[in-house]
Amino acid sequence: IASTNQLRWDGHQLVTGSTDGAGVVLVARSWGVFSRSKSPILILYGGGAAARSTAAAWAENGGRIISVTREGRRPLDSRGPWASALIDEVPKGSLESTFQVDFDSQVESSIGTNTIKFDICLVASYGRDGSVDPIQSSSGALILDGRWMLVAQHLVAWAQFIAPEFRDSLPSLSLLLHRLSEVENGNKN
């Protein structure tokens, strides 16, 4: 998938991998997207390394993908391991969950201009004013700050690369995210 965001020297060789996609799937799972749908639909903006990693992980987990390209931005290559999961639109009458990830935009303004209905949107960017609590859009969809993806991909990195022997001892995504938020906000609990 031509995507690497994790490197580790194990004493003998360099171990590499990509946790962006597995992190996005972990976020979707934590919000029940895969438990409510047999084949949830990912609305994916972007074609770079994080988007390719996400497309591969989503397809590997049985989901389908609508790839959306903005003018002047890189499209998702249709020849990757996600090729058979690509669809052109949400099928009419579909009750599958829809999860949107936007790797092309640095701001949440793209949410209001989206023509495809989604249930949950993960905004890949995050800043100091963000929150771990979802925001509900005027359409009723939930908007998640990029902190969700950041923490999820780090949990995946610990489980796969750093300390796989402690995989079962790692905290849940929600617990870790809220604890980190407390630290970020200076709360003492």
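Helices here are DSSP runs of H or I with at least four residues, and strands are runs of E with at least two, both numbered from the N terminus. With that in hand, Gly32 can be placed: this residue sits just after α1 and takes a positive phi of about 80°. The model is predicted.

**Overall fold**

The protein has five helices and eight strands. Along the sequence they run β-β-α-α-β-α-β-β-β-β-β-α-α. The radius of gyration is 17 Å, close to the 16 Å that the globule rule gives for 189 residues, so the protein is as compact as a globular protein of that length. Its C-alpha atoms fill a box of roughly 50 × 40 × 35 Å along the principal axes.

Of the 189 residues, 44% count as buried. Contacts with a separation of 6 or more were also sorted by sequence distance: residues 24 or more positions apart account for 55% of them. The exposed area is about 10500 Å², and carbon and sulfur atoms supply 50% of it. The protein carries 17 positive and 19 negative side chains. The centres of these two sets lie 2 Å apart.

**Aromatic pairs**

A pair of aromatic rings is described by the distance of the centres and the angle of the planes. The whole structure holds three aromatic pairs. Two of them are set out below.

| Pair | Geometry | Centre to centre | Angle between planes |
|---|---|---|---|
| Trp31 and Trp148 | edge-to-face | 5.4 Å | 65° |
| Trp58 and Phe99 | stacked | 5.6 Å | 25° |

Take the Trp31 and Trp148 pair. Trp31 lies in the loop between α1 (20–30) and α2 (33–36), and Trp148 in helix α4 (residues 147–162), so the pair ties together parts that are 117 residues apart in sequence. How exposed is each partner? Trp31 has 23% relative accessibility and counts as partly exposed. Trp148 has 4% and counts as buried. The cut-off for buried is under 20%, so Trp31 falls outside that class.

Now the stacked pair, Trp58 and Phe99. This pair also links distant parts of the chain. Trp58 is in helix α3 (residues 49–60) and Phe99 is in strand β5 (residues 98–102), 41 residues apart. Trp58 and Phe99 are both buried. Ring pairs also bring in Phe34, which joins Trp58 and Phe99 in a cluster.

**Helix α1 and its surroundings**

Which residues of α1 are buried? They are Asp20, Gly21, Gly23, Val24, Val25, Val27 and Ala28. An α-helix has 3.6 residues a turn, so residues three or four places apart point the same way.

Asp20 of α1 also turns up among the contacts of Ala50. Ala50 is in helix α3. Ala50 has 19% relative accessibility and counts as buried. Beyond residues up to four places away in sequence, Ala50 touches Ser3, Asp20 and Phe103. Ala50 and Ser18 are 32 residues apart in sequence, yet their C-alpha atoms are 8.3 Å apart in space.

**The loop before β5**

Where is Ser97? Ser97 is in the loop between β4 (64–68) and β5. Is Ser97 buried or exposed? At 5% relative accessibility, Ser97 counts as buried. Leaving out residues up to four places away in sequence, Ser97 touches Val33, Arg36, Ser37, Pro40, Ile41 and Asp119.

How values were computed
Residues numbered from 1 in each chain as written. Predicted model: local features only at pLDDT ≥ 70, side-chain atom pairs only at ≥ 80, totals over all residues. Heavy atoms only, no water. Rg over C-alpha atoms; globule rule 2.2 N^0.38 Å. Buried < 20%, exposed > 50% of the residue type's maximum accessible area, 1.4 Å probe, protein only. Contact = heavy atoms within 4.5 Å. Areas by Shrake-Rupley, 256 points an atom, 1.4 Å probe, with all protein chains shown as cover. Lys, Arg positive; Asp, Glu negative; His and termini not counted. Charge placed at Lys NZ, Arg CZ, Asp CG, Glu CD. Phe/Tyr/Trp six-rings, centres within 6.5 Å; stacked < 30°, edge-to-face > 60°.
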